[in-house]
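Q: I am new to this structure and would like a close look at a single part of it. Please take one helix, describe it, and then follow what lies around it.

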Amino acid sequence: MHVSVIGAGSFGTVLASVAAANQHRVSLWCHTAEQARTINTQGCNPRYHPELTLGAGILATHDLAACVAEADLVILSVPSKAMAAVCRQVAPYLPAGVGLISTTKGIQADGFLLMSEVIEAACPGHPVGVLSGPNLAAEIAQRHLTASVIASPDGSLRDLARAALSNKYLRLYSATDRISVELGGSLKNIYAIASGLAAALQVGSNTQAALITRALAEMSRLASYLGGNPMTFLGLAGVGDLMVTCTSPLSRNYRVGWLLGQGKTLVEAEAEIGQVAEGINTLELVHAKAQALDVVMPIVEGLHEVIFGQRPARQVAVKLMQAAHTSDVEFVLPRKPGP
């Protein structure tokens, strides 16, 4: 098939490589003409994956219309802030009924829209799915065994995604609960920052385990308020993605938290990493949404106080430990105020 990948960042480049390795023709849209020329002439993306050889089946281009003209499947892998604008630009050129898959983990501030909702608004008439899970791009590039989840109510789109991307080192599982899968991919970035911060403060393994477990409870709690199924968080897009993002130094959000714990300012931390940490923007949006819905999310509240309220992290941790007790597993016991 012909797979079009919109966005030649870290993850988009890797997925283009996977599709090409599966013997599909791949068009890779780049933000600049210069980047497209570099990829075509050097056979790699030196900014993100200089070690990853991109096969002859990949053609990089700065022309959106040309990129999607013959597409059987379109994968959107652009920053969340750019998603709406890119979708509006590409919409007139999309083949009728072609499926669209988002790999972007973020939330649009205006309306608190998930990326799939942004895509549907800009590109009506196309089935939409999301790809999420514990998918560190650097490890997929090295062909480490990886599992992901493709979520869409459209079964044909799920099948098409598996045909395009599944191989001996990347396995795709299916889901229909797109809301929860997408929320999991966005919310885990918040907790990765908290986890990196905690690691920099040299907390013990007990603390890290408690942080990750309670994060999972908060994620499923918000999802249930927004129409998702909390059981979805037991899968790859929930506990799987949360686990890897909260423990791996390859996670940019974890690294931001680590640098904050080392005394860096937020500006210094993001500058040192050189990439956008989606968790910072997501933290502000989710904090406001939780307050508006009256959803109890103590870790989100505490991290917001640390980053935007300049409160000492240890002081916030003590506050969390002294809060009212509640049930362990979410939804098993009646809900009471507390963490």
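A: The part chosen here is helix α10, in a model that is predicted. Within α10, the residues Ala 237, Gly 238, Gly 240, Asp 241, Leu 242, Val 244, Thr 245 and Cys 246 are buried. The helix covers residues 236–247, which makes 12 residues. From the first C-alpha to the last, α10 reaches 15 Å, close to the 16 Å expected at 1.5 Å a residue.

What covers the buried residues of α10? The cover includes two strands, β8 (128–132) and β9 (146–151), and three helices, α8 (178–200), α9 (205–225) and α11 (252–261). Two of these neighbours, β8 and α9, can be followed further.

Strand β8 comes first. Five of the five residues of β8 are buried, so this strand is largely enclosed by the rest of the structure. Both of its faces are covered: Val 128, Val 130 and Ser 132 lie on one side, Gly 129 and Leu 131 on the other, and all are buried.

Strand β8 also has strand partners. With β5 (residues 99–102), β8 pairs in the parallel sense over three bridges. In that pairing, Leu 100 has Val 128 of β8 as its bridge partner. With β9, the strand that also helps to cover α10, β8 is joined by three bridges, and these two strands run antiparallel. Here Leu 131 stands opposite Ile 150 in β9.

Helix α9 is the other neighbour to follow. Its axis and that of helix α14 (residues 298–308) come within 8 Å and cross at roughly 110°. That crossing makes α9 roughly perpendicular to α14, because angles of 65 to 115 degrees count as such. The residues of this contact divide into five nonpolar, no polar and three charged. From α9 come Leu 211, Arg 214, Ala 215, Glu 218 and Arg 221, and they meet Pro 298, Ile 299 and Val 300 in α14.

A further strand can be set beside β8. Strand β1 (residues 2–6) has five of its five residues buried, so β1, too, is largely enclosed by the rest of the structure. His 2, Ser 4 and Ile 6 point one way from β1, while Val 3 and Val 5 point the other way. Five bridges join β1 to β2 (residues 25–29), and the two run parallel. In β2, Trp 29 stands opposite Ile 6.

To return to the starting point, α10 has buried residues whose cover includes both β8 and α9.

Key
Residues are numbered from 1 along each chain as its sequence is written. This is a predicted model: local features need pLDDT of at least 70, side-chain atom pairs count only at pLDDT 80 or more; totals for chains, interfaces and linings use all residues. Side-chain values use heavy atoms; hydrogens and water are left out. Helices (H or I, at least four residues) and strands (E, at least two) are DSSP runs, numbered from the N terminus. The expected span of a helix is 1.5 Å times one less than its number of residues. Buried means under 20% relative accessible area, exposed over 50%, partly exposed in between (1.4 Å probe, protein chains only). Contact means heavy atoms within 4.5 Å. Axes are lines fitted to C-alpha atoms, for helices over the stretch in contact, and angles run from 0 to 180 degrees between N-to-C directions. Angles under 35 degrees count as roughly parallel, over 145 as roughly antiparallel, 65 to 115 as roughly perpendicular and the rest as oblique. Ala, Val, Leu, Ile, Met, Phe, Trp, Tyr, Cys and Pro count as nonpolar, Asp, Glu, Lys and Arg as charged, and the others, Gly among them, as polar. Two strands pair if DSSP finds at least two bridges between them.
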